[in-house]
Amino acid sequence: MPRQDTQGPTRPGPPPTAVCVGESMAVLLPDRPGPLESVETFRLSVGGAESNVAGALAALEVPTAWISRVGDDGFGRRLVAEVAARGVDVSAVAVDPHRPTGLYLKEVGGSTGRDHDLGPGRSRLHYHRRGSAAAALSPALLADPAAAALLAGARLLHLSGITAALSDDCLALLRALLADRRPGRTVSFDLNWRPSLWRDRDPAVLPPLLDSADLLLLGADEAQAAFGTGDPAALRRRFPSPATLVVKDADRYVTALERDGTAVSEPALAVEVVEATGAGDAFAAGYLAGTLRGLDQRRRLRLGHLSAACALTAPGDQAELPPAPVVAALLDASPAQWAATRVSADGIAGPALPTVRAASADRRPSAERARAQ
């Protein structure tokens with residue numbers, strides 16, 4: 001299977017420490033709120049849980065690869081080029097000459113008064129991914145030399161429940177990857193519950209997959225929808241095998257529960273939200289980066305929260321983290337200092353930050369900062 005041509009090198013920096021496997025798609029974003037029939041123009045972007053995590057890990061200085069399949073089309077070329085531009089290794093992304101790149105449209109509610117308007121603050125994703133190139137991912141991937149080399153050297157393999165819903169072949173791939181346990185490699189699995197993907201498939205395949213991971217990430221709301229409970233203790237009993245289970249309770253707390261019963265909870269930061277898309281993937285990347293760095297449980301959760309907060313204050317799926325001294329200060333902050341921290345599109349403010357925090361925590365691009373001075 002040929003590889004997708006990209007702008008620039010496909011192997012930036014050292015060999016990947018982390019590998020993310022799964023579908024990403026082209027995205028059409030409307031130029032205005034309201035029902036789709038009222039939209040005149042759409043902006044092309046790209047998105048997908050696993051490539052979002054890969055890009056956020058790369059931004060956190062974790063060498064990362066993304067493995068998938070795309071169509072031999074403009075959407076596929078755009079997708080791979082953008083993921084590569086985030087510093088992600090895309091050398092094992094295959095091009096399918098017969099199947100298209102997946103696509104979804106975002107519908108944003110407003111106050112237009114039109115029929116079928118979702119209403120302010122609401123949005124809906126419309127998927128066109130059935131029969132996509134990525135739906136043909138299968139255990140044959142394990143025999144592909146480029147993919148096999150990346151998987152063999154990874155300390156972290158990140159998967160999600162989305163892949164299991166795409167096709168029987170994709171489900172078989174997840175089962176094969178979870179069965180291929182290797183010393184020194186952690187397998188993380190994010191539920192990423194997407195009800196629309198499971199309408200014609202049996203979600204009963206999910207629990208054994210989740211219980212086969214080393215590290216399991218779930219949203220309390222999605223776990224409630226998928227398994228009938230969002231309670232961290234109940235979920236820990238439901239999935240006893242993973243070493244760590246992380247339950248995200250929306251914008252309030254995240255709780256990490258170890259197999260021995262130890263539990264650590266950490267509140268989310270106060271955030272002025274610009275766009276919610278990608279925050280869950282950013283949290284996963286921050287938490288996983290903290291795991292790879294050997295941080296204690298509380299600091300892993302805080303790095304996840306900080307990564308998610310920065311994504312919430314950016315208009316796209318990816319966001320820039322503040323400078324290292326600011327990150328370090330927040331990870332080491334007292335509970336009171338952490339609770340008093342505020343994150344917005346203009347930067348981060350809080351009592352734990354360095355003395356020159358106004359400059360240190362400003363996350364705007366350097367050119368924009370210069371114009372503001």
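User: In this predicted model, what makes the span of helix α10 close to the expected one?

Analyst: Helix α10 covers residues 297-312, and its 16 residues reach 23 Å from the first C-alpha to the last. The expected value at 1.5 Å a residue is 22 Å, and the span of α10 is close to that.

User: Why is α10 called largely enclosed by the rest of the structure?

Analyst: A residue counts as buried when its relative accessible area is under 20%. In α10, 14 of the 16 residues are buried, so the helix is largely enclosed by the rest of the structure.

User: Which residues line the second largest pocket, and what is its volume?

Analyst: The volume is about 210 Å³. The lining consists of Ala59, Leu60, Glu61, Arg293, Leu303, Glu320, Leu321, Pro322, Pro323, Ala324 and Val327.

User: How do the residues of that lining divide into nonpolar, polar and charged?

Analyst: Eight are nonpolar, three are charged and none is polar. Ala, Val, Leu and Pro count as nonpolar, whereas Glu and Arg count as charged. Glu61, Arg293 and Glu320 of the lining are therefore charged residues.

User: Why is glutamate 61 called exposed?

Analyst: Exposed means a relative accessible area over 50%. Glutamate 61 has 73%, so it is exposed. This residue lies in the loop between α1 (49-59) and β4 (64-67).

User: What is notable about the phi of glutamate 61?

Analyst: Most residues other than glycine have a negative phi. Glutamate 61 is not a glycine, yet its phi is positive, at about 70°. Asparagine 192 also has a positive phi, of about 45°, although it is not a glycine.

User: How do you know whether asparagine 192 is buried or exposed?

Analyst: The cut-off for buried is under 20%. Asparagine 192 has a relative accessible area of 9%, so it is buried. Its position is in the loop between β10 (186-190) and α6 (206-211).

User: Why is valine 88 called buried?

Analyst: Its relative accessible area is 0%, so valine 88 is buried, the limit being under 20%. Valine 88 lies in the loop between α2 (74-85) and β6 (94-96). Between valine 88 and alanine 56 there are 9.4 Å in space, C-alpha to C-alpha, and the two are 32 residues apart in sequence.

User: What share of the chain counts as buried, and how much area does the chain expose?

Analyst: Of the 373 residues, 54% count as buried. The chain exposes about 16,100 Å², of which carbon and sulfur atoms supply 51%.

Note on methods
Residues numbered from 1 in each chain as written. Predicted model: local features only at pLDDT ≥ 70, side-chain atom pairs only at ≥ 80, totals over all residues. Heavy atoms only, no water. 1 Å grid on protein atoms, 1.4 Å probe; cavity = no way out; pocket = protein on both sides within 12 Å on 5 of 7 lines; lining within 4 Å. Points joined across faces, edges and corners; volume = space filled by probe spheres on them. Buried < 20%, exposed > 50% of the residue type's maximum accessible area, 1.4 Å probe, protein only. Areas by Shrake-Rupley, 256 points an atom, 1.4 Å probe, with all protein chains shown as cover. Helix = DSSP H or I, 4+ residues; strand = E, 2+ residues; numbered from the N terminus. Expected span 1.5 Å × (residues − 1).
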